[in-house]
Amino acid sequence: MTSFRLDQTTVHQPLLQEAQRMQRPENHLRRLIETPDRLKRYSIEGCGMLLDYSRQRLDDAARRLLFTLEDALRLRQRFGAMCAGEKINVTENRAVLHTAARAFGDDPIRVDGRDVMPEIRRVRDQMKQFSEQVRSGAITGSTGKPFRHVVVIGIGGSYLGTEFVSTALAALSDRRLTLHYLANVDIHNFGAVAAAIDPETTLWVVISKSYTTAETSANTHQAEQFMRDKGLDPARHTVTVTSKGSPGDDPARPVLQTFHMFDFIGGRYSVTSAVGGVPLSLLLGYDRFEAFLLGAAEMDRHALEAPVAKNLPLIAALISIWNTSLLGYGQQAIIPYASPLAKLAPHVQQLNMESNGKAADIQGDSLEPPAGVVIFGEPGTNAQHSFFQLAHQGHPFPIEFIGVRTPQYTQYTARSKGVTNHQELWANLVAQANALAAGRPSEDRTRHFEGNRPSSTLVLEDLQPINVGRLLSFYEARTVYEGFIWGINSFDQFGVELGKVLADDLRMRIARRNSEPDYDFGDMDDIGRGYLRLLFGESFRGRVLSVKF
Ligand SMILES: O=P(O)(O)OC[C@H]1O[C@](O)(CO)[C@@H](O)[C@@H]1O
């Protein structure tokens, strides 16, 4: 019987038994990594990347059973349906077509019978033309000066993916334009940006699918006031990236240009759409953005076509489910031994946790335990000097290491202790995964290393756009496959609504106090009242505080 969720397949109970079997001492990773050809048999190359999962708590029997989930849950078939435009986001009645944003073939991709590719190609052409005109100085600000700064105003998926990619590819920028991010509504964020830019040569890119997000609206108003105070015309310094017909696509609110994003691409999957395309083509030139798209497209094809035993994102998803739902780890870390990938974990936090942090399956039935896993991460070797004490001796969590074989900045090469900095980095990358797996027993409990702590290592050749595109699509596909296995809808996000509704009520009360100084929040709940009184300089008990906040 085919099913749509892990715990309803006939494989689930046998997998739980395999997980129990892997707890036995003879199956400690220290033993597993000593089996013949372990690295060769538990690693796979594809799409210009190497996935080494030799330090995962799997032996041949457990792996064989885990891989049967692909067929039992029709995983690649469902991935193909997604790429073909099937409306798999059932709660919002939408297709999920982030893969179409980087499709370059002539094949139509239809939603409700209409081919979406012409519109996608039109936006790509618009980005190419606009970025060339800005970078060449053909388009200038309202005082005739060419743009030198770009400020992205956006939050969540409207900037996190772009920040990951712009940080990864920063070395390729010709420094013609400097990219800044204004995401948080915190005025400190705006103040830092205002101090870093020259208003006359600054282009503001307002990115919001809905154009109703409170933080982005507040920051946009702040920026427009800032420009007017400088005698600049906001219409000559602003572009918008938004859904067709949203408030940001209103001819009555003139801007330099508007770039459309589509309802079938969710924010956390949108970096290959105009959300990433506008800032990245301005920063790097359109050709490099296109190379990034081609890398993502190649990994999309691999994720769909490669058989499970050779499918990097599908194997990574199966391992993630094995670690989370069968071995019971509640967290995962992404540790890239490459500083340019410093913003990968923050992007994957939204991508994966906003997609899969769900307690209901795709049919609306309860999922117990809920799906999803806590994801965090920092670059190595920094993480070794931050939280690796816990990684080695505290509560265990699986790690996904990332290595880059050929670094940027090779012009700076010195040797210390006989090795270059990059070789030193690699020595630590390899050592950490080995230490976590093998451990080192000791009679002295303070110096005892239990080991048996699983990790995978993903190796990229370099940080050229094509490989960053492949990496982006790898994590998107891994997230999608995990959601398919849990049987959830990875493409809605109702969990973010309640906080926004409560904030709406508080915002209304603060606005009332701003216009009615005598309003004392007396009609509020005790805790809310205490905080709003504190905000206005009163103690919890209504006395005016000596220290003003
Ligand atoms: O692009 P918008 O509509 O401003 O939304 C920004 C972000 O807010 C969310 O809707 C909720 O966090 C994200 O999914 C989205 O990326």
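This passage describes the ligand site of a predicted model, followed by helix H11 and a residue of helix H10.

The ligand occupies the space that forms the largest pocket of the protein. Its surroundings are drawn from several stretches of the chain, with Ile 155, Gly 156, Gly 157 and Ser 158 in one run, Ser 208, Lys 209, Ser 210 and Thr 213 in another part of the sequence, and Gly 267, Gln 350, Glu 354 and Val 496 completing the shell. By residue class, this shell divides into 8 polar, 2 charged and 2 nonpolar residues.

Three side chains of the shell place polar atoms at short computed distances from oxygen atoms of the ligand. For Thr 213, a polar side-chain atom lies 2.6 Å from a ligand oxygen, while for Ser 208 the separation between an N or O atom of the side chain and an oxygen atom of the ligand is 2.7 Å. Glu 354, one of the residues surrounding the ligand, likewise has a polar side-chain atom 2.7 Å from an oxygen atom of the ligand. The ligand on its own would expose 390 Å², and 85% of that area is buried by the protein.

Helix H11, which spans residues 274-284, is largely enclosed by the rest of the structure, because 11 of its 11 residues are buried. The buried residues run from Ala 274, Val 275, Gly 276 and Gly 277 through Val 278, Pro 279 and Leu 280 to Ser 281, Leu 282, Leu 283 and Leu 284. Within this helix, Ser 281 has a relative accessibility of 1% and therefore counts as buried, the cut-off being under 20%. The side chain of Ser 281 reaches the backbone oxygen of Gly 277, at a distance of 2.5 Å. In an α-helix there are 3.6 residues a turn, so residues three or four places apart point the same way. After H11 comes Gly 285, a residue with a positive phi, near 95 degrees.

A further buried position is found in helix H10, which covers residues 214-229 and contains Thr 216. The relative accessible area of Thr 216 is 5%, and this residue is therefore classed as buried under the 20% limit. Thr 216 is also paired in space with a residue from another part of the sequence, since its C-alpha lies 6.2 Å from that of Ile 153 although the two are 63 residues apart along the chain.

Technical notes. Residues numbered from 1 in each chain as written. Predicted model: local features only at pLDDT ≥ 70, side-chain atom pairs only at ≥ 80, totals over all residues. Heavy atoms only, no water. Near = heavy atom within 4 Å. Polar contact = N/O pair within 3.5 Å; in protein donor to acceptor, adjacent residues only side chain to side chain. Areas by Shrake-Rupley, 256 points an atom, 1.4 Å probe, with all protein chains shown as cover. 1 Å grid on protein atoms, 1.4 Å probe; cavity = no way out; pocket = protein on both sides within 12 Å on 5 of 7 lines; lining within 4 Å. Sits in = over half its atoms within 2 Å of the grid points. Nonpolar A, V, L, I, M, F, W, Y, C, P; charged D, E, K, R; others polar. Buried < 20%, exposed > 50% of the residue type's maximum accessible area, 1.4 Å probe, protein only. Helix = DSSP H or I, 4+ residues; strand = E, 2+ residues; numbered from the N terminus.
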